[in-house]
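Trainee: I've got the model open and a few labels I'd like to pick apart. Can we go through them one at a time?

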Amino acid sequence: MSVFTSDDPLLQVHNVTRYYGDRIGCADVSFDLWPGEVLAIVGESGSGKTTLLNCLSTRLAPTTGAIEYRMRDGTMRNLYQLTEAERRLLMRTDWGFVHQNAADGLRMTVSAGANVGERLMAVGERHYGNIRSTADDWLGRVEIDSDRIDDDPRSFSGGMRQRLQIARNLVTHPRLVFMDEPTGGLDVSVQARLLDLLRRLVSDLGLSVVIVTHDLAVARLLSHRIMVMRHGNVIEAGLTDQVLDDPREPYTQLLVSSILQV
Amino acid sequence: MSDTAQLYDQGEYNFAYLDEQTKRMIRRAILKGIAIPGYQVPFASREMPMPYGWGTGGVQVTASILGKDDCLKMIDQGSDDTTNAVSLRGFFEKTAGIRTTFETSEATVIQTRHRIPEKTLTEDQVLVFQVPIPEPLRFLEPRETETRKMHALEDYGLMHVKLYEDIAKNGHIATTYAYPVKVNDRYVMDPSPTPKFDNPKIDEMAALQLYGAGREKRIYAIPPYTKVKSLDFEDYPFEVQKFDKPCALCGAENVYLDEVILDDRGGRMFVCSDSNYCEERRAAGHRGPMAADPAAAQIGATDLQETAR
């Protein structure tokens with residue numbers, strides 16, 4: 001168990017701004033994220049969601065602002081002051097990153113088992129049998145049959161690849177997972193199944209999640225809190241149900257009313 | 001006029017082909033390599049009068065460390081008398097005028113392509129390897145910037161992913177040559193495409209090992225008596241190739257054997273890859289199952305002479 005209480009935030013974001021030359025990627029974003037909390041960042045294409053996510057996950061340095069993370073020993077560290085080695089260790093143990101396109105997050109040329117086992121081997125696991133049984137266990141948890149363990153992800157369907165990517169990220173029991181449109185490009189029934197799975201895993205493992213999506217239904221299903229972005233700014237934030245049921249900003253009202261009703 | 005300039009005027013090469021400034025640069029890279037065992041030191045590799053792939057890296061290293069009193073042995077896949085070995089030996093005979101030998105124990109510098117002699121090397125010897133691809137992570141991670149970072153951060157999980165794949169697909173670690181090793185508990189290194197049979201010899205070797213990659217412009221080294229561990233899993237430990245028969249010519253066991261096809265009906269024999277080792281054993285009277293009977297060899301020779309007449 002972690003040594004701090006869930007009253008302390010896991011991630012603190014202070015005035016993060018990212019410019020692309022003269023243009024704004026995201027501007028002056030601040031929020032706290034608590035352990036076990038799922039935060040959705042929604043908005044249309046080009047609203048700065050992904051820029052913000054990349055800043056948070058140390059994939060893109062913000063122009064100004066600070067991001068602090070509570071390490072496993074309970075100390076608060078500025079992510080951009082970590083050494084490269086510390087940052088890499090963090091990314092492959094305490095964090096996960098689920099890409100929209102599973103091929104970006106997987107090694108497509110090695111088997112499913114090796115994909116799941118890679119993080120274990122990176123942190124020093126050297127027992128083939130243990131790695132394999134852990135991989136097998138995780139494939140089961142994401143509903144991939146055991147007999148696919150030696151198959152390449154290339155032979156997997158889109159939904160399976162996405163589930164494999166999730167298993168690969170969760171195998172080291174991370175505390176914080178970033179997700180970039182995890183259900184993008186999947187058909188509706190596969191989406192529903194993936195969302196079900198994600199919701200179960202998140203609550204079972206007590207994960208904190210920052211999820212970027214343009215799909216309000218995904219946000220509604222998974223997240224506790226929501227931030228609505230437009231033109232790089234956060235225009236509205238609050239509890240998911242509150243924001244979606246009673247949007248305050250005209251733009252949010254527009255977003256909510258644009259959902260197709262069947 | 002300096003000595004070197006005079007040499008050039010007479011159409012002679014500088015000793016061992018390379019000019020002294022180049023040798024100095026390469027020696028610096030070698031010293032750095034020795035100081036950081038297993039670390040790939042970049043160097044300004046020169047064009048050599050032979051194509052890449054012929055051992056231009058090894059040749060440059062050898063040229064830089066040769067002295068007038070050295071005795072050079074040149075090995076190509078264990079053998080002293082195949083094209084690559086003959087050509088490179090001739091190169092140094094011509095440009096350095098030094099003594100050369102087939103005998104492992106007589107040599108002070110041994111340049112080798114993909115084998116380590118069976119005879120144990122001593123502290124007085126230097127083993128120079130020709131390396132085609134020095135980066136052990138290359139086929140797993142194509143970006144040089146990334147592999148350098150991985151070495152710097154000791155981020156070697158990927159290497160085991162490859163071994164995991166081997167076991168998952170073949171039931172055992174199927175890598176048989178260029179088998180990755182960890183040098184001095186720090187750098188993962190490619191011991192050039194030597195068969196993994198030779199990996200145990202690299203560990204705690206008495207001789208200095210220098211690795212030169214000409215096209216890739218890298219030099220690395222293992223100083224004498226350095227710990228070199230072949231990567232493996234706890235439940236799939238590193239193993240070398242085993243041969244169920246001894247050498248067909250000299251009867252040697254526990255040596256690396258080459259397969260020789262004898263006919264198109266499946267006939268074949270296995271003989272020592274280290275030709276000098278095999279010859280010495282036969283000279284000492286060892287006989288393998290397919291070795292020529294000395295008497296029969298005599299008859300064969302007479303037959304040939306008669307045919308010639």
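Trainee: What makes α6(B) largely enclosed by the rest of the structure?

Mentor: Keep in mind that this is a predicted model. Buried means under 20% relative accessible area, and 11 of the 14 residues of α6(B) are buried, so the helix counts as largely enclosed. Among the buried ones are Leu158(B), Met159(B), Glu165(B) and Asp166(B).

Trainee: What covers the buried residues of α6(B)?

Mentor: Elements from both chains: the cover includes α4 (112-122) and α5 (128-141) of chain A, plus α5 (144-152) and β7 of chain B.

Trainee: How do you know that the length of helix α6 of chain B agrees with what it should span?

Mentor: The expected span is 1.5 Å times one less than the number of residues. For the 14 residues of α6 (residues 157-170) of chain B that gives 20 Å, and the end C-alpha atoms are 20 Å apart, so the two agree. Right after α6(B) comes Gly171(B), with a positive phi near 85 degrees.

Trainee: On to the rings. How many aromatic pairs are there over all chains?

Mentor: The structure holds 16.

Trainee: Why is the pair Phe91(B) and Phe92(B) called edge-to-face?

Mentor: Centres within 6.5 Å make a pair, and planes over 60 degrees apart make it edge-to-face. Here the centres are 5.1 Å apart and the planes stand at 75 degrees, so the label follows. Both Phe91(B) and Phe92(B) are buried.

Trainee: And why is the pair of Phe197(B) and Tyr256(B) called tilted?

Mentor: Stacked needs planes under 30 degrees apart and edge-to-face over 60, with the rest tilted. Phe197(B) and Tyr256(B) have 50 degrees between their planes, at 5.6 Å centre to centre, which puts them in the tilted class.

Trainee: What does that pair tie together?

Mentor: Phe197(B) lies in the loop between β7 (187-189) and α7 (199-202) of chain B, and Tyr256(B) in the loop between β10 (228-230) and β11 (257-261) of chain B, so the pair ties together parts 59 residues apart in sequence.

Trainee: How do you know that Tyr256(B) counts as buried?

Mentor: The cut-off is under 20%; Tyr256(B) has 18% relative accessibility, so it counts as buried. Phe197(B), at 11%, is buried too.

Trainee: What makes Arg141(A) sit over the ring of Trp138(A)?

Mentor: On distance, CZ of Arg has to be within 6 Å of the ring centre, and there's an angle limit of 35 degrees from the ring normal as well. The charged end of Arg141(A) is 4.2 Å from the centre of the Trp138(A) ring. In chain B, Lys68(B) lies over the face of Phe15(B), 4.5 Å from the ring centre.

Conventions. Residues numbered from 1 in each chain as written. Chains lettered and ligands numbered in written order. Predicted model: local features only at pLDDT ≥ 70, side-chain atom pairs only at ≥ 80, totals over all residues. Heavy atoms only, no water. Phe/Tyr/Trp six-rings, centres within 6.5 Å; stacked < 30°, edge-to-face > 60°. Buried < 20%, exposed > 50% of the residue type's maximum accessible area, 1.4 Å probe, protein only. Helix = DSSP H or I, 4+ residues; strand = E, 2+ residues; numbered from the N terminus. Contact = heavy atoms within 4.5 Å.
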